[in-house]
Amino acid sequence: MNGFLVTHAPALLIMLPLIGAFAAPFIGKVSPKVRSAWVILIMTLTTLTALLLASDVFMYGTRIYVFGAAAPDLAVPLDSGGIPIRIIFTVDAMSALMQVIGAVCGFAVLLYSLSADRIHSGLESFYTLFLLMIAGIMGMVSTGDLFNFFVFLEILSIASAGLIAYRIDGGLAVEAALKYFVLSTIGAMVILIAIGIYYGEYNALNIALIASRMQFTLLDQIALVLIITALAMKCGSVPMHFWTPDAYSMAPSSVTAMLVVASQASLYGLFRVVFTLYNVTLNAMTVGWIIIILGVLSMVVGVTMAIPQKNVKRLMAYHAISQTGYMLLGVGVGLAVLGNQPLMDSFGYIAMEGGIFHIINHAMYKGLLFLTAGAIFFRIGTYNLNKMGGLGHSMKYTMIFFIIGALAIAGIPPFNGFASKLMIYESVFAFNPVLAIIAMVVSILTLASFVKVFHSIFMGPKLPGYETVQEAPVPMLIGMGVLATIVIAFGLFPQAVVDGLIAPAAHALADQSGYIAAVLGGA
Amino acid sequence: MDLFASLTTGTGFWNPLAWLIAVIAATVIVYLILQRGEPGYKKGTAQTTPFISGNPEPGKEMVHVRASNLYWGYLDALKGYYDLVVPAHTGVVNDYVLWYLGVTAALMIVVVVFI
């Protein structure tokens with residue numbers, strides 16, 4: 001039974017949220033409580049499947065799943081001329097890590113959402129779109145097929161746009177969703193053009209097959225730029241980040257927390273294309289520096305734009321941009337020295353591990369921070385920092401969760417953000433000290449910004465109008481507690497996390513030949 | 001897998017357990033110093049009210065420093081920078097698309113010319 005589940009887990013990760021999504025409106029007709037139980041069941045099963053598959057991948061290596069084949073691992077049929085003709089999911093350690101991030105965050109956010117969003121109407125479509133978002137994320141990080149990647153990217157974008165516009169809010173949320181959707185559609189079309197270029201050149205859509213044939217011609221260079229910019233825009237990199245504060249601030253907080261994970265799925269796509277599709281065929285130093293510069297711009301502009309914000313979610317959205325910069329910086333440094341084994345061993349892998357570690361850490365603490373902002377909005381009905389104050393008297397647990405998230409994002413020990421930032425600082429310093437200094441200054445500004453937020457929301461006397469404010473409901477606290485526990489645990493046992501999850505992911509990402517062999521090697 | 005292993009960073013290491021022990025030791029020292037404080041301290045008396053040159057203390061809700069009043073010095077010092085960056089965030093989707101297309105064009109030139 002266990003073997004069967006592991007074998008079919010890549011397909012189940014898509015199937016479960018899809019079935020859950022389309023059944024949710026019908027089950028909701030029975031009763032809202034039954035629908036809540038249904039979506040919790042679906043998300044629990046999805047999370048367990050992701051954990052099961054991840055444990056298998058981290059133990060035994062890359063697992064592939066071929067849709068429609070006689071056997072799930074029959075990538076290249078004997079009569080196909082050596083071409084993997086079917087849709088193939090290729091789950092290596094990097095994919096498995098992203099699946100775990102998506103599933104665990106999705107589970108915690110759903111627990112929170114059942115309480116936070118229960119007062120709103122239209123929950124049938126809300127949970128349908130929520131589960132479609134999960135399916136889109138899982139598909140993007142699992143697939144080994146470029147066109148399939150585009151399809152899941154579109155599923156994710158459409159579901160995300162619907163959820164951003166969910167709380168109409170006088171048309172502002174709809175406007176934010178429209179902006180997100182316009183940019184997402186243009187980005188997706190550009191990615192489709194790039195995929196068309198690969199298909200025209202290599203007569204293939206499978207990532208492993210294209211990677212094995214990659215010539216890095218002029219057309220490949222054009223396709224590379226199209227994909228880098230589209231996915232950098234989707235993950236909120238400066239100067240293509242403008243949609244992020246609009247969308248993050250107008251979406252319900254539970255959705256915003258998942259938008260962080262959705263952005264990271266795009267970041268995964270960017271890393272997958274650069275490392276697996278191109279790898280050493282490209283000029284790693286030039287492309288690495290492009291990613292580093294995007295990262296530095298994101299870090300600096302993100303944090304400096306966050307400080308003057310008055311809307312707490314808009315402020316956090318700019319910090320999300322800033323933190324994405326750390327991931328781009330770490331992995332960009334790894335890319336810049338790719339192919340130079342002594343430098344890779346000296347600091348390249350550590351930089352990549354730091355960047356990838358920061359992806360999972362950011363998903364947890366940023367998700368936590370957005371949930372605390374949502375809990376505050378749930379009780380006082382505003383995101384305006386100027387109207388807040390003294391809430392620490394009545395929302396003690398929310399305040400504690402906020403402190404944990406704020407210290408983690410600022411890189412204060414012993415929380416998880418410190419561990420990944422330390423890896424980035426030290427490895428980037430070996431590459432270029434100026435970059436490391438910028439990263440540290442950005443962390444100081446992040447701390448300054450969250451000191452302001454903490455003071456504005458929680459400190460001071462109880463303000464008029466907030467005397468009767470109560471603590472957030474228990475399910476919301478449980479959702480925040482799940483993420484806070486992970487933030488603390490990853491901070492207290494960082495090397496165990498790096499050894500168990502992060503290092504295998506970084507090495508899988510850099511190991512193009514291993515990826516190709518996992519798909520084509522069995523032919 | 002050693003759960004309490006130090007995090008190695010290539011050139012250094014970090015052990016959260018050692019940090020925690022140090023924090024606990026510091027907390028104990030702080031507590032011991034606190035215990036040696038003035039035992040006659042009474043909350044809710046004149047001992048705990050601020051002295052503002054003899055003026056009456058305003059209501060607590062009147063003295064809460066709001067978000068807009070924080071970091072004005074920092075923002076003023078970087079006014080030149082913010083005058084450039086903030087207006088770029090127009091909120092107009094056409095501008096968002098232009099930035100995206102501009103970056104794509106710039107990277108296209110860099111990659112195609114320099115690679």
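Start with chain B, whose secondary structure comes to four helices and two strands. This is a predicted model. Coloured from the N terminus on, the elements of chain B appear in the order β-β-α-α-α-α.

**Chain B as a whole**

Show the C-alpha trace of chain B and turn it along its principal axes: the atoms fill a box of roughly 75 × 55 × 25 Å. A compact globule of 115 residues would have a radius of gyration near 13 Å, but the value for chain B is 28 Å. Buried residues make up 9% of the 115 residues in this chain.

Next select Ser53(B), which sits in the loop between α1 (16-35) and α2 (72-77) of chain B. Its phi is near 50°, a positive value in a residue other than glycine. Most residues other than glycine have a negative phi. Is Ser53(B) buried or exposed? Ser53(B) counts as exposed, with 4 C-beta neighbours inside 10 Å.

**Where the chains meet**

Now display both chains and select the residues in contact between them. Chain A contributes 58 residues and chain B contributes 41. On the side of chain B that touches chain A, the elements giving two or more residues are β1 (7-8), α1, α2, α3 (79-88) and α4 (93-114) of chain B. Which element gives the most? That is α4(B), with 13 residues. Colour this side of chain B by residue class to find 28 nonpolar, ten polar and three charged residues.

**Chain A as a whole**

Hide chain B and look at chain A, which has 19 helices and two strands. Its C-alpha trace spans about 75 × 60 × 40 Å along the principal axes. For 523 residues, a compact globule would have a radius of gyration near 24 Å, and the 22 Å of chain A agrees with this. Of the 523 residues of chain A, 65% count as buried. Among contacts in chain A with a separation of 6 or more, 81% are between residues 24 or more positions apart.

**The two strands of chain A**

Select β1 (residues 63-66) and β2 of chain A: the strands run antiparallel and are joined by four bridges. One of the residues to label is Arg63(A), whose bridge partner in β2(A) is Val91(A). Strand β2 (residues 88-91) of chain A is covered on both faces. Ile88(A) and Thr90(A) lie on one side, Phe89(A) and Val91(A) on the other, and all are buried.

**Helix α9 and the loop before it**

Move to the loop between α8 (218-234) and α9 (243-250) of chain A, where Pro239(A) lies. The peptide bond joining Val238(A) and Pro239(A) is cis, with omega about 5°. Most peptide bonds are trans.

Then select α9(A) itself. How many of its eight residues are buried? Eight of the eight are, so α9(A) is largely enclosed by the rest of the structure. The buried residues are Trp243(A), Thr244(A), Pro245(A), Asp246(A), Ala247(A), Tyr248(A), Ser249(A) and Met250(A). Bring chain B back to see the surroundings of α9(A): its buried residues pack against α5 (146-164), α6 (172-202), α10 and α12 (312-336) of chain A, together with α4 of chain B.

**The loop after α10**

Follow chain A to the loop between α10 (253-278) and α11 (284-306), and select Asn279(A). Asn279(A) has a positive phi of about 50° although it is not a glycine. Is Asn279(A) buried or exposed? Asn279(A) has 22 other C-beta atoms within 10 Å, and 20 or more are needed for a residue to count as buried, so Asn279(A) is buried.

**Helices α13 and α14**

Select α13 (residues 341-380) and α14 of chain A, whose axes come within 9 Å and cross at roughly 145°. The crossing of α13(A) past α14(A) is left-handed. Show side chains where the two helices meet: residues on α13(A) include Tyr365(A), Leu369(A) and Ile376(A), and those on α14(A) include Phe401(A), Phe402(A) and Ile409(A). By class, the residues of this contact are eleven nonpolar, three polar and one charged.

Finish in the loop between α14 (396-409) and α15 (416-431) of chain A, which holds Pro414(A). The peptide bond from Pro413(A) to Pro414(A) is cis, with omega near 5°.

Definitions and conventions: Residues numbered from 1 in each chain as written. Chains lettered and ligands numbered in written order. Predicted model: local features only at pLDDT ≥ 70, side-chain atom pairs only at ≥ 80, totals over all residues. Buried ≥ 20, exposed ≤ 12 C-beta atoms within 10 Å, placed from the backbone. Contact = placed C-beta atoms within 7 Å. Nonpolar A, V, L, I, M, F, W, Y, C, P; charged D, E, K, R; others polar. Pairing = 2+ DSSP bridges. Rg over C-alpha atoms; globule rule 2.2 N^0.38 Å. Axes fitted to C-alpha atoms, helices over the stretch in contact; angles between N-to-C directions. Left-handed = near helix turned anticlockwise from the far one by under 90°.
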